[in-house]
Amino acid sequence: ASTLSGLIGHASSAHLRANKASHKRRKAYEENEFFECNVFVTMGDAIDEDELAPTALSCETGRDYEFGELMFELEGDTEEFFNGVDLSYGDVRIRVPENAVGEHDIIKFDEVASEQITITYTGNERRNLLSSSTTGDKYVLVIRVSDDNDDSGKRKVAQNADHYRTEMFGSNNRNLKSVFEDCSNGKLRIKPASATITNSKNWLTKRFRREFIDGVVDVKIPPNVDICGMHYKEAGNWAFAENWLINSFLRDVEPGLDVHKMLILPDCVNFGASNVMAWGEVNGKTTWLRSNSADQPRIHVHEFGHNLGMRHSGATNANDVYSSYGDGNGYMGNKAEDDKEGSAICFNAAKTWHLNWFPNHHATVVPSTNVQEFVLNSLADIGNEDDSNTNSKMILKLKSSQSTLFVNFNRAKGLYENVLDSNKVIITQQNSA
């Protein structure tokens, strides 16, 4: 049976509300009702830097769906189904029969389902989502899913909610908030999601204030719920259904505000492979993190980077072997320190250009046979200047029909003190696709 229809079918009184929703879903399956969801490329992050970065497809319903926000894994012959469709932007919607949702909340694209599932919308005019969504205020809700009474520790998230408030949003350490604010020179501001951004009735606002404290909410796992047998997306869906306040909160957020959901799950949850630490939607708003590394910037900054549209930063090593994570000059590789202190790095030249934090310090160069000279300053130097000083260039962009080159100077100073290729001019290649 689909866990979507039965994930909260427990006997205790705490689950009565969820059971009503479960019965309603079962009725919908019998009537072969449909729902729509947006498709996202989801990128996983493995421990080993030489591993190929795992990728998957997710489908997310959005907060207006009758049963709240739900996330599904797409499996099967998706390559043929989406042939010729650009899924990079998260703006492709599909219409899915609810009885196509199988075990572990996975939508399987087999011969039957592929005939029933249809694409209902694709973005006809591609906009630069990166430039429009990487500045201003972004709110993050950390959802800690844990059985704190589990003596074995398997079902428990080791660190408490206060720990994550500090490690995600604190002011005295390198974390999600400080890395993005510092690296963008204040252009992108990460804020904890709380009751102050909702339009709720008084009684609901009081509940939000009591449970959504400084951007972190707890979801308690009862003893009779086998969280260790769940797929990570299934565990996220279970958490949303178990604590109904989460969907109420997301529905009541003021229009126009971005709220990103960061789920921290017990290590025993199925992340697809034992060496995968986390997953993040590209141009989406959801990330899933294992508890044993969730407080490390190399994990939570990296995953949030996927939400901003960034993919992995690879490099070729001394043996001419390509690694999906080999670039040590930014957080979209995996060379940062694997501890909660993180590293003094930001993002490589290609990523920083597309993040569009310093447009006055970009220069597009048309290759020619004539000599052209430029003075390049590092981010550490640019960050202290007025943006109107356009004489200082940080990144040069050279484009051809096959690829695009981005050139920057990697001064090992300040925010970039720990870059791998320090005090060198670095050329980053990005395929035209």
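Helix H7 passes helix H11 in a right-handed crossing. This is a predicted model, so please keep that in mind throughout. H7 covers residues 176–183 and H11 covers residues 297–307. Their axes are 9 Å apart, and the two helices pack at an angle of about 60 degrees. That angle makes H7 oblique to H11.

Which residues of H7 and H11 make the contact? On the H7 side they are Leu176, Val179 and Phe180. On the H11 side they are His300, Val301, Phe304 and Gly305. By type, the residues of this contact divide into five nonpolar and two polar, with no charged residue. As background, an α-helix has 3.6 residues a turn, so residues three or four places apart point the same way.

Staying with H11, how many of its eleven residues are buried? The count is eleven of eleven, so H11 is largely enclosed by the rest of the structure. The buried residues include the four that meet H7, namely His300, Val301, Phe304 and Gly305. Arg298, Glu303 and the histidines His302 and His306 are also among the buried residues of H11. After H11 comes Gly309, which has a positive phi, near 100 degrees.

Helix H9, residues 232–242, is a second covered helix: eleven of its eleven residues are buried. Among them are Lys233, Glu234 and Glu242, along with Tyr232, Trp238 and Phe240.

Next, the cores. In soluble globular proteins, nonpolar side chains tend to be buried together. Here the largest nonpolar core has 44 residues. Which residues have the most contacts inside this core? They are Phe180 and Phe347. Phe180 has already come up, as one of the H7 residues in the contact with H11. Phe347, leaving aside neighbours within four places in sequence, is in contact with Phe180 and also with Val301, a residue on the H11 side of the helix contact. The other contacts of Phe347 are Met310, Asn329, Gly330, Tyr331, Met332, Thr352, Leu355, Trp357 and Tyr416. Apart from this core lies another, of 36 residues, and Phe208, Phe212, Ile246 and Val259 are among its members.

Three single residues to finish, beginning with Val92. Val92 lies in strand E4, residues 92–97. At 1% relative accessibility, Val92 counts as buried. Not counting residues up to four places away in sequence, Val92 touches Cys37, Asn38 and Val39, then Val85, Asp86 and Leu87, and finally Ile119, Tyr121 and Thr122. Phe40 is 52 residues from Val92 along the chain, and the C-alpha atoms of the two are separated by 8.1 Å.

Then Thr78, in helix H3, residues 78–81. Is Thr78 buried or exposed? Thr78 is buried, because its relative accessible area is 14% and the cut-off for buried is under 20%. With residues up to four places away in sequence left out, Thr78 touches Leu57 and Phe109.

Last, Gln159, which sits in the loop between strand E7 (136–146) and helix H6 (161–169). Gln159 has a relative accessible area of 32%, so Gln159 is partly exposed. The residues that Gln159 touches, not counting those up to four places away in sequence, are Arg144, Tyr164 and Asp295. Of these, Asp295 is 136 residues from Gln159 in sequence, with a C-alpha to C-alpha distance of 8.7 Å.

Note on methods. Residues numbered from 1 in each chain as written. Predicted model: local features only at pLDDT ≥ 70, side-chain atom pairs only at ≥ 80, totals over all residues. Heavy atoms only, no water. Axes fitted to C-alpha atoms, helices over the stretch in contact; angles between N-to-C directions. Parallel < 35°, antiparallel > 145°, perpendicular 65-115°, else oblique. Left-handed = near helix turned anticlockwise from the far one by under 90°. Contact = heavy atoms within 4.5 Å. Nonpolar A, V, L, I, M, F, W, Y, C, P; charged D, E, K, R; others polar. Core = buried A, V, L, I, M, F, W, Y, C linked by side-chain atoms within 4.5 Å. Buried < 20%, exposed > 50% of the residue type's maximum accessible area, 1.4 Å probe, protein only.
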